[in-house]
Amino acid sequence: MDMIVGGPGAFIGGVYRIAACLDGEIELVCGAFSSDARQSLEMGAKLGLSADRIYGSYKEMIEHEHETGEMDFVVIVTPNHVHYEPAILALLAGFDVILDKPMCHSLEQARHLSRTVDETGRTLCLTHAYTGYPMVKQPRQMILRFDIGLVRKVYVEYQQGWLSHDNVNSKQTQWRLDPKQSGPSGCLGDIGVHAFNLAEYVTGLQITHVCTDLRSVIDGRQLDDDVSVLLRFNNGASGVLMASQICAGEENSLKIRVYGDEGSIAMHNARIPAGHPESYIEAFANIYRNFARTVRAKKNDEECSSNELGDFSGVKEGVRGMTFIETCVANSRKDNEKWTALKE
Ligand SMILES: NC(=O)c1ccc[n+]([C@@H]2O[C@H](COP(=O)([O-])OP(=O)(O)OC[C@H]3O[C@@H](n4cnc5c(N)ncnc54)[C@H](O)[C@@H]3O)[C@@H](O)[C@H]2O)c1
């Protein structure tokens, strides 16, 4: 694989480098690690890559690696405004792609990415981290087997507190609070879309309608930092999604409860440092391994276990995520429309 990003001070890129290599199936062979060519070279050298495979920009890297044909897939871990273009370039150059959420800036871009995946026949994985946890896969299997009967009610929440004040200024906040870089939403696209994806993944259902309240609690913020959404599911179940970054005292508090007509399932995790749920690295490792095995099976026409084949979010989930974000943003601006349908 190659990496676009993960340079000095980057948050999630370093986590991915460990997760990707955990099973010994994936090797980092090249990269463009920063928008600054000098920093990219420094980082690549630190990672032990040979100088001719460290690039000053992702365009240069995709072009050159396309010519040599020595790299299989591209990992894109840049701020949200640098997702769409490198993903399209990589797919068109014949590479499979691992891309971070939210998939891009608009539903229009998401649909274009989806068409490009279809047209090129490549595989795209979206790193919805929480679908990688055994603790998430097990309730999904139980619900799909009707162990709790028919799903009636879902509560899902993701609370953080790191944006509780207006004085936070880090590499991570600078782009997240800027609509040009972050996209049409703040908290909704950053963590609300994880909760949305988790609710659909765990239940195997689809959310069809939303009724949304997006708020910017801290004065002067251009994007939402606090989100409440009422949900309706395609089997008639109802739900509540809460996501917030102004819950002082919370680190990464992710919870889901699903009530069926014969039983219920509740999950909450938060013990390792910085409040991330346990097995954070292993969850990503599961996503990277399932992606690598799917790509390899496709490439070599090999068998792949049905538990691993395609068990990661893809471009379909990316389109659904962007549909959710755009519909919630539009719904929250309407005073005379309670429920808005999710239309892809
Ligand atoms: N899946 C998850 O659980 C999860 C968790 C955290 C972040 N994310 C996503 O990961 C992405 C990055 O978030 P982060 O918190 O790590 O951000 P970050 O600001 O810590 O890191 C982003 C890095 O991208 C680099 N960069 C910017 N433009 C570039 C370019 N043109 N070429 C190469 N590098 C470039 C920056 O220099 C920086 O090092 C975001 O889309 C975010 O939503 C996902």
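Me: Is Lys-334 buried, partly exposed or exposed, given its relative accessible area of 34%?
Reply: In this predicted model, the relative accessible area of Lys-334 comes to 34%. Since buried requires under 20% and exposed requires over 50%, Lys-334 falls in between and is therefore classed as partly exposed.

Me: With which residue does Lys-334 form a salt bridge?
Reply: The closest N and O atoms of the pair are 3.6 Å apart, and the cut-off for a salt bridge is 4 Å. The partner is itself partly exposed, because its relative accessibility is 30%. The residue that pairs with Lys-334 is Glu-337.

Me: How many residues apart in the chain are Arg-215 and Asp-226, and which strands hold them?
Reply: The side chains of Arg-215 and Asp-226 meet in a salt bridge, with 3.3 Å from N to O. This pair links distant parts of the chain, the two residues being 11 residues apart. Arg-215 belongs to strand 7 (residues 207–215), and Asp-226 belongs to strand 8 (residues 226–233).

Me: Which residue of the Arg-215 and Asp-226 salt bridge is buried?
Reply: Arg-215 has a relative accessible area of 40%, so this residue counts as partly exposed. The value for its partner is 12%, and because buried means under 20%, the buried residue is Asp-226.

Me: What is the distance between the closest N and O atoms of Asp-225 and Arg-221?
Reply: Asp-225 and Arg-221 are both buried, and they form a salt bridge with one another. Their closest N and O atoms are separated by 2.9 Å.

Me: How many salt bridges are found in the whole structure?
Reply: Side chains of opposite charge can pair when their charged atoms come close. Some of these pairings join into a network, which links Glu-25, Arg-289, Arg-293, Arg-296 and Glu-308. A search of the whole structure gives a total of 19.

Me: In which helix is Glu-65 found?
Reply: Glu-65 has a relative accessibility of 1%, so it counts as buried. Leaving aside residues up to four places away in sequence, Glu-65 touches six residues by name, Cys-30, Arg-53, Tyr-55, Glu-70, Met-71 and Phe-95. The element that contains Glu-65 spans residues 58–68 and is helix 3.

Me: What percentage of the ligand's accessible area does the protein cover?
Reply: The ligand is surrounded by 31 residues, the closest being Val-5, Phe-11, Asn-80, Thr-127 and Gln-172. An oxygen atom of the ligand lies 2.9 Å from a polar side-chain atom of Trp-175, and an oxygen atom of the ligand is 3.0 Å from an N or O atom in the side chain of Arg-176. Of the 850 Å² of accessible area that the ligand has on its own, the share covered by the protein is 92%.

Note on methods: Residues numbered from 1 in each chain as written. Predicted model: local features only at pLDDT ≥ 70, side-chain atom pairs only at ≥ 80, totals over all residues. Heavy atoms only, no water. Helix = DSSP H or I, 4+ residues; strand = E, 2+ residues; numbered from the N terminus. Buried < 20%, exposed > 50% of the residue type's maximum accessible area, 1.4 Å probe, protein only. Contact = heavy atoms within 4.5 Å. Near = heavy atom within 4 Å. Polar contact = N/O pair within 3.5 Å; in protein donor to acceptor, adjacent residues only side chain to side chain. Areas by Shrake-Rupley, 256 points an atom, 1.4 Å probe, with all protein chains shown as cover.
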